[in-house]
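Student: I am new to this structure and would love a close look at one chain. Could you walk me through chain B, beginning with its sheet?

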Amino acid sequence: MILISILVLGGLGLVFGLFLTFSAKKFHVERDPRIEKILEVLPMANCGGCGAPGCEPFAEGVVAGKYPVNGCVVGGQEVADKIAAILGVEAAAVVPKVAVVQCLGDRETAKRFAEYTGIKTCKALDLIGGDKGCVYGCLGLGDCVEACLFDAMYMGENGLPVVIEDKCTGCGECVRACPRGIMALVPKDAPIYLGCVSPERGKDVSDVCSRGCIGCSLCARVVPEGNITMEGYLPVIHYENVKNPEDLKPAVERCPTKTFVVRNLENVNV
Amino acid sequence: MKLLKFKGGVHPHDHKELSKSSQIMPVPAPEFVYVPLSQHTGAPSKPIVEKKAQVKKGTRLSEPVGFVSVPVHSPVSGTVMGIVPYYHPLGKKMDAIKIKVEGDEIEDGIGEERDYSNMKKEEMIEAIKMAGIVGLGGAAFPTHVKLSPPPDKPIDTVIINGAECEPYLTSDYRLMLERPDDIIKGTEIIRRILNPKRVVIGIEDNKPDAIQILREKVDGTGIEVVSLPARYPQGSEKQLIYAITGRKVPAGGLPFDVGCYVQNVGTAIAIYEALRFGKPLYERVVTITGGVNKPGNFLVPIGTPASHVIEQAGGVKGEVGKIIFGGPMMGLAQITDAVPVIKGTSGILIQLKNEVHIEDVYPCIRCSSCVDVCPMGLMPNMMEMLINAGKYEMAEKMGLMFCIECGCCSYVCPSKRPLVHTFKMGKREVLKRRKK
Ligand code: SF4
Ligand code: SF4
Ligand code: SF4
Ligand code: SF4
């Protein structure tokens, strides 16, 4: 009796096994071997910073020409060079990026109009317009922190998120998570950035936040032409036009609301 | 005629006694008004006035952009101070025309009686559009769009909505008591445009006096007045259509898909005023209620900041806890009393600090109470779980986009889960993804 069971089941196993081997051979799909090779050099963080849903689709896409060779933001130049070698092409230079928090409206500097007790995510709070007087600023509930896969962010005591620059890979996950466009990627060597996104007129901004940009355009006037331009009531820094980081110093020093945040600039008197 | 009972729904205490017996009072214009360019569902209108322009009551301030759009008009006479981003009841700031109020002049011709009996259908629809008329029940959908159903979807039933099922609000109720003739005249205009077989005014049975007055007035016109059982959300379009006609609007469909047209009583009056007196929609009746000293119903110029209207209602009785535009079930909490009244504002509810209960949220106990009350037949518990897990496509498959945000589910949930808030968030996320 036992013997029969063993024979029957064993036989079945054998038949299915043969069938599987056969179909694997017969229906084998030729996959570009370069995909495997690229996968080996990718960081496999599956962060999505390249725009693909994950590392594998990115590898397939690079081979198919859908994504640029230097598309992996986490891997940077090193990975770009390796992929280029595998594909036998020239890798363009990777500009390493880092995430910055473009809002200085913390618990002290920004007026709070309401007390929010609902769902504790920025997305939920943004739906009702936030709890601050400024309807453009950081909501402080940390959707960005939650989204960061590299532990490169934490929520500061003052209610604004902080990026740990050494850990940040520039993947941009936080940028996608923020409902208010507070998080942005800037070149890793950017000397300064603007800590405000409010497009409103000076008085309307200063009514609700002491560090918000009042759009006076002084900064644009004290730096070499083209380094900073005004778009509406907000200055935009054109990093690619900045010849010498020192050139931006006067903007930082003269800004009446001290809205510029210094990253790589020494001896600034603010 | 047997009335059908829609599925689900709840019976919240209606608190209408607060403002029910107070007659509609005009509110004097404030110092400044802020008229948002977008007060309707659809594309925002384009301004046609510039800074320093002199305007009068009823002067058109903007131009519709596209078909699903209406203009806005000045509710006051004065000087345009500019177009500024200003607080809007939907959260966010939106462009608004700021006007400094001076004098009390009215645009030429407004108020003069005119004969509209020979107007053609298209002319009437165009006049309604240019008068800036939108549904005054809350959704603020442009009325002329509803009045132009596709030719293959003829309307056989017109329903005038006097249900006003949202607790606290009494503006429609007062209009029914004070201006029943105008409601009927407006209804007649709608009847002329759509040529339906049946015209019904639906009113919840907790307003017997309104039912009685309208019943007397419709005598001989062929219009029916139907008393509906009071149950929230009876006044919601789809539930109302089902109760009165037994027809079910298909998921994702509109009332005209089942040959129906629903319009609020206030809108009927606005239509009448537009054709009879050339009066654009620049003021509306708003119930100011809850923790104010003199709750009541007020005729408010559009664009008046809530703070000014609250003052007219005797000011707040204590410390403000919440300012809600709309009622407690579907209304939106505001961050400041600077927010202006817009065309869709049916009420402002003030909750005092000691009345606002901040409840702890507990995990879902799978009691399915939310499923029982959902008038749209959805499963709020499942949808919430899916949204929280980031599974938006699956939530969409479960009918997320059909949620009418009535709040019944949040109202009954014993675990006090923020269901509607989650759905609003989820819907926004779905729309964002669709755009990509
Ligand atoms: S901080 Fe932002 S950009 Fe940097 S690693 Fe985290 S999610 Fe990516
Ligand atoms: S930066 Fe954006 S996501 Fe992060 S806490 Fe502020 S509002 Fe939220
Ligand atoms: S808010 Fe949406 S899910 Fe909740 S009961 Fe109403 S229709 Fe149903
Ligand atoms: S009512 Fe609340 S606790 Fe009950 S099933 Fe729905 S979400 Fe869960």
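Tutor: Happy to! Keep in mind that this is a predicted model. Let us begin with an open sheet of four strands in chain B, ordered S2-S7-S6-S4, with antiparallel pairing. Its edges are strand S2 (32–36) and strand S4 (54–55) of chain B, each of which pairs on one side only. As background, the strands of a sheet are paired through hydrogen bonds of the backbone, in either a parallel or an antiparallel way.

Start at the S4(B) edge. S4(B) pairs with strand S6 (residues 78–87) of chain B through two bridges, in the antiparallel sense. You can find both ends of this pairing by residue: B:Gln54 has B:Thr79 in S6(B) as its bridge partner, while B:Val55 stands opposite B:Gly78 in S6(B).

Now step across to the next pair. S6(B) is joined to strand S7 (residues 93–101) of chain B by nine bridges, and the two run antiparallel. One spot to look for here is B:Val84, whose bridge partner in S7(B) is B:Ala96. S6(B) and S7(B) make a hairpin, with five residues between the two strands. In that turn, B:Gly91 has a positive phi of about 80°.

At the other edge of the sheet is S2(B). The loop between strand S1 (25–26) and S2 of chain B holds B:Pro28. Is B:Pro28 buried or exposed? B:Pro28 counts as exposed, because it has 12 C-beta neighbours inside 10 Å. B:Pro28 also shows how the chain comes back on itself in space: B:Gln312 is 284 residues apart from B:Pro28 in sequence, yet the two are 8.6 Å apart, C-alpha to C-alpha.

Next, step back to the whole chain. The domain assignment divides chain B into domain 1 (25–110 + 282–355), domain 2 (113–277) and domain 3 (369–435). Taken over C-alpha atoms, the centres of domain 2 and domain 3 of chain B are separated by 29 Å. Six residues from domain 2 of chain B and six residues from domain 3 of chain B take part in their contact. On the domain 2 side, the residues that touch domain 3 of chain B are three nonpolar, three polar and no charged.

For a helix to look at, try H1 (residues 121–130) of chain B, where B:Met124, B:Ile128 and B:Lys129 are buried. Viewed down the axis of H1(B), these buried residues fall within an arc of 140°, so they line one face of the helix. The other side of H1(B) has B:Glu122 and B:Glu123, which are exposed. What lies over the buried residues of H1(B)? The cover includes helix H2 (143–146), helix H4 (180–194) and helix H7 (265–277) of chain B. Just after H1(B) comes B:Gly132, with a positive phi of about 70°.

Two ligands are worth visiting from chain B. Ligand 4 has 14 residues around it, and those that come nearest are B:Cys364, B:Cys367, B:Cys370, B:Asn381 and B:Cys413. Helix H9 (369–373) and helix H10 (380–388) of chain B each give at least two residues to this shell. By class, the shell around ligand 4 has eight nonpolar, four polar and two charged residues.

Ligand 3 has 16 residues around it, with B:Cys374, B:Cys403, B:Cys406, B:Cys408 and B:Cys409 coming nearest. At least two residues of this shell come from each of helix H12 (408–412) and H13 of chain B. H13(B) gives the most to the shell around ligand 3, namely three residues. The shell around ligand 3 divides into 14 nonpolar residues, one polar and one charged.

H13(B) turns up again where the two chains meet. That contact takes 15 residues from chain B and 14 residues from chain A. On the chain B side, strand S15 (332–334) and helix H13 (419–435) are the elements that give two or more residues. The largest share, five residues, comes from H13(B). In the side of chain B that touches chain A, seven residues are nonpolar, four polar and four charged. So keep an eye on H13(B) as you turn the model: it gives residues to the shell around ligand 3, and H13(B) also gives residues to the side that touches chain A.

Notes
Residues are numbered from 1 along each chain as its sequence is written. Chains are lettered from A and ligands numbered from 1 in the order in which they are written. This is a predicted model: local features need pLDDT of at least 70, side-chain atom pairs count only at pLDDT 80 or more; totals for chains, interfaces and linings use all residues. A residue is buried if 20 or more other C-beta atoms lie within 10 Å of its own, exposed if 12 or fewer, and partly exposed in between; C-beta atoms are placed from the backbone. The arc is that of the directions from the helix axis to the C-beta atoms. Two residues are in contact if their C-beta atoms, placed from the backbone, lie within 7 Å. Two strands pair if DSSP finds at least two bridges between them. Domain bounds come from an automatic or database domain assignment. Ala, Val, Leu, Ile, Met, Phe, Trp, Tyr, Cys and Pro count as nonpolar, Asp, Glu, Lys and Arg as charged, and the others, Gly among them, as polar. A residue is near a molecule or strand if its C-beta atom, placed from the backbone, lies within 6 Å of it.
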